[in-house]
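Work through the exercises below with the sequence and the model side by side. Try each task before reading its solution.

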Amino acid sequence: MKSIIVGTAGHIDHGKTALVKALTGIDADRLEEEKRRGITIDLGFAHLDLTGAGGESLHLGFVDVPGHERFVRNMLAGVGGVDLVLLVIAADESIKPQTREHFDILQLLGVQRGITVLTKSDAVDAETLDVVRLEVEEFLHGTFLEPPKGPIVAVSSLTGAGLDDLKRAMVAAAAEVQPRDSKALARLPVDRVFTMKGFGTVVTGTLMSGTIHRDEVLEVFPTGRRVRVRGVQVHGQAGDAAVAGQRTALNLADASTEDLSRGMILAPESTFTAARRVDVQLSLLSSAPRPLKSRAHIHFHANTMEAVAEIAFHGVKQLTPGSRAFARIKLPGAALLLPGDRFIIRQFSPVVTIGGGTVLDAAPVPRMPGHEAFLQLLAAGEPASILQARIARRGHNGMTMSRLIAETGWTNNFIESQVAKAVKEKVALRIGDLFVDAPAIAGLQQAIVNSVEGFHRKNSLVGGIAREALREQVKASTDVFTACLDLLAREKKIETVGDLVRLPGRGVVMKDEEAESKKKIEDGFAAAGLKVPALHEVIAGLKVDKSRAQKIVTLLLRDKILVKISDELVFHRSALEELRRLVMTQKTKSSKMDVAKFKELTGVSRKYAIPLLEYLDREHVTKRIGDTREIL
Ligand SMILES: Nc1nc2c(ncn2[C@@H]2O[C@H](COP(=O)(O)OP(=O)(O)OP(=O)(O)O)[C@@H](O)[C@H]2O)c(=O)[nH]1
Ligand SMILES: [Mg+2]
């Protein structure tokens, strides 16, 4: 079975609702006020089963729109999901203002198929009908409705004349309609919300893509509310699922009518992000009354939503009628829009349709160099290069698969298939769950090497830069940074030693003065033996400044040339080795030793003796028992 959506369009009173009723038997004017005034105010719905060109069953869902100029906004909420349009023109009135406005809208929305229906054929004579037909043919010239692609059929809903021809034309056109993708991610723009006795909250809409199953949990955009699908109805019949291209009614749990309204979109949960800024390609109709200036406010209509939005052009200050430009739309609140979504803009006041276009990017970043080239590429619409450009835009931060899905609306499988080539040719790299632009990674690697070099230049006395400090300098995420370090280490451009990163073979490099100072400190301590000088005196006598001298001491301690045995006392390791030997020699005479004996043995004062003995205790050379030490 094939399901398609048929929409009406055309001027007020031209017989749209009467035609839908003549075809389906259903009166789409459901409001009491509509029946009383004899005009359509809001969207109406009907359905019809026909046999398709190949004998298969063909299900037509009708969306009947109002023709009144005051209700164009309602017409816009209904026309979004239309596969096949019936442009209704009354034979006794021919082309009127909303014939033109609705037709402009259909073209701006990119509707591909349609039939022009000359209604009220019973109300005119044959010559008038011929004249109208010629007028209409001229009007349609060069458009998607130009015959023979878009046939013109004359009918009378009153007498039934021409209705069979129209049905045949619909069957033929339906065969040409590209089926919507039921495997894509689902989006249902809400066009009606109401309560049904015994059911609770019901929303309806034309399912623009994907499939919605009973018991599925959906997210409501932009509010973020989660709702469970308690029941699915398609064309008034309960079922397990609705697929793209079907008029769909969902009975929802966990939501009341106040939580939902026309303009919201239902989609799989935690998949998309609503945005307040979108980059678009915009065309201004040649019939627009004046140029459109940057910063102008306009009425923005997309899917079933509408909002007063501000427009800002990229590259130009204003757009003249009949021309096209890239623009950023600033919405007053967040909305779920995806690349490829069509929209209409209407002048702020007086409200007339002036243009429309296509959403290119609903996750724009602040303006960046090459922004227009990026939009140009998105407009060209080649999925593999779009994905590559989106990944490249994030630099070395890369993008996760879920981010790519949210930005494009494409499925995981489709994205995998489209990035496969870039990954294989190493234009994009996979790092953990990220896709990252290869040139950006090369740039990051260079930045890492530069940072390490810079560090060595400024800190000749330190063995390398701490990993975390380096990562912060190059502003990379842990995963990407680690991957880059591994790559660089493999290429021998850097080395990692414990927590430090350094250039290969680049330990501590000493300048002459520092080397001289180091030697002086070392020699000074070595010569002093156990009668070491105060550290500050040693430092004061050096050519280098105090902080350098401190660093040199730190290095000597690190390398265990000097040994710190208490806060104030530092000894050369040779002096301590000598001490150890001395104590061991003493053991041959007596294994016991008190402080006095120790002072006599070593020649040091009490000030040095106690810390040294405690050091020996710690080193398990001696053991304190009361006031004496046992030599172990
Ligand atoms: N004689 C004749 N009258 C028709 C025909 N179709 C519609 N009408 C009449 O034209 C009037 C308007 O018809 P509708 O179907 O309500 O027109 P509409 O295009 O739906 O109007 P809006 O929804 O308000 O834009 C009604 O009085 C219909 O009876 C037709 O084929 N022949
Ligand atoms: Mg009507």
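The exercises that follow go from a metal site to strands, a barrel, a helix pair and some backbone details.

**Conventions**

This is a predicted model, in which local features need pLDDT of at least 70 and side-chain atom pairs count only at pLDDT 80 or more, while totals for chains, interfaces and linings use all residues. Residues are numbered from 1 along each chain as its sequence is written, chains are lettered from A and ligands numbered from 1 in the order in which they are written, and side-chain values use heavy atoms, with hydrogens and water left out.

**Exercise 1. Find which residues coordinate the magnesium ion (ligand 2), and place them in the chain.**

Step 1. List the donors, that is, N, O and S atoms within 2.8 Å of the metal (3.2 Å for Na, K and Ca); water is not among the atoms, so sites may look incomplete. The ion is coordinated by OG1 of T17 and OG1 of T40, at 1.9 to 2.0 Å.

Step 2. Place the two residues. T17 belongs to helix α1 (residues 16-24), and T40 to the loop between α2 (32-37) and β2 (44-51). They are 23 residues apart, so the pair links distant parts of the chain. Helices here are DSSP runs of H or I with at least four residues, strands are runs of E with at least two, and both are numbered from the N terminus.

Step 3. Check accessibility. Buried means under 20% relative accessible area, exposed over 50%, and partly exposed in between (1.4 Å probe, protein chains only). T17 and T40 are both buried.

**Exercise 2. Describe the surroundings of β1 (2-9).**

Step 1. Take the two faces in turn. In a regular strand the side chains alternate between the two faces of the sheet. On one side of β1 are K2, I4, V6 and T8, on the other S3, I5, G7 and A9, and all are buried.

Step 2. Look for the partners; two strands pair if DSSP finds at least two bridges between them. β1 runs parallel to strand β3 (residues 57-64), with six bridges, and V6 has F62 as its bridge partner there. β1 is also parallel to strand β4 (residues 84-90), through four bridges; here A9 is opposite L87.

**Exercise 3. Trace the closed barrel of six strands.**

Step 1. Write down the strand order. The barrel runs β17-β22-β20-β19-β23-β24, with antiparallel pairing. The average twist from one strand to the next is 40 degrees.

Step 2. Follow strand β19 (residues 297-302), where five of six residues are buried. Six bridges connect it to strand β20 (residues 305-313), and I298 has A309 as its partner. The hairpin of β19 and β20 has two residues between the strands, and N303 in the turn has a positive phi of about 50 degrees.

Step 3. Go to the other neighbour. β19 pairs with β23 over five bridges, H299 being opposite R346. β23 in turn is joined to β24 by five bridges, with F343 opposite G357.

Step 4. Add the helix. Helix α4 (residues 97-108) packs on the sheet and touches β17 (275-284), β23 and β24. Contact means heavy atoms within 4.5 Å. The direction of α4 makes about 15 degrees with that of β24.

**Exercise 4. Determine how helix α11 (residues 438-458) and helix α13 (residues 478-490) cross.**

Step 1. Compare the axes, which are lines fitted to C-alpha atoms, for helices over the stretch in contact; angles run from 0 to 180 degrees between N-to-C directions. The two axes come within 10 Å and cross at roughly 75 degrees.

Step 2. Classify the angle. Therefore α11 is roughly perpendicular to α13; under 35 degrees counts as roughly parallel, over 145 as roughly antiparallel, 65 to 115 as roughly perpendicular and the rest as oblique.

Step 3. List the contact. From α11 come I441, L444, Q445, I448 and V449; from α13 come V480, F481, C484, L485, L487 and L488.

Step 4. Sort these residues. Ala, Val, Leu, Ile, Met, Phe, Trp, Tyr, Cys and Pro count as nonpolar, Asp, Glu, Lys and Arg as charged, and the others, Gly among them, as polar. The contact of α11 with α13 has 10 nonpolar residues, one polar and no charged.

**Exercise 5. Locate the cis peptide bonds P147 to P148 and S349 to P350, and the positive phi values of D13 and K426.**

Step 1. Recall the usual case. Most residues other than glycine have a negative phi, and most peptide bonds are trans.

Step 2. Take the peptide bonds. The cis bond between P147 and P148 has omega of about 5 degrees, and P148 is in the loop between α5 (126-140) and β6 (152-154). The cis bond from S349 to P350 has omega near -10 degrees, and P350 is in the loop between β23 (342-347) and β24 (353-361).

Step 3. Take the phi values. D13, in the loop between β1 and α1, has a phi of about 70 degrees and is exposed at 52% relative accessible area. K426, in the loop between α10 (412-424) and β26 (428-431), has a phi near 60 degrees and is exposed at 61%.
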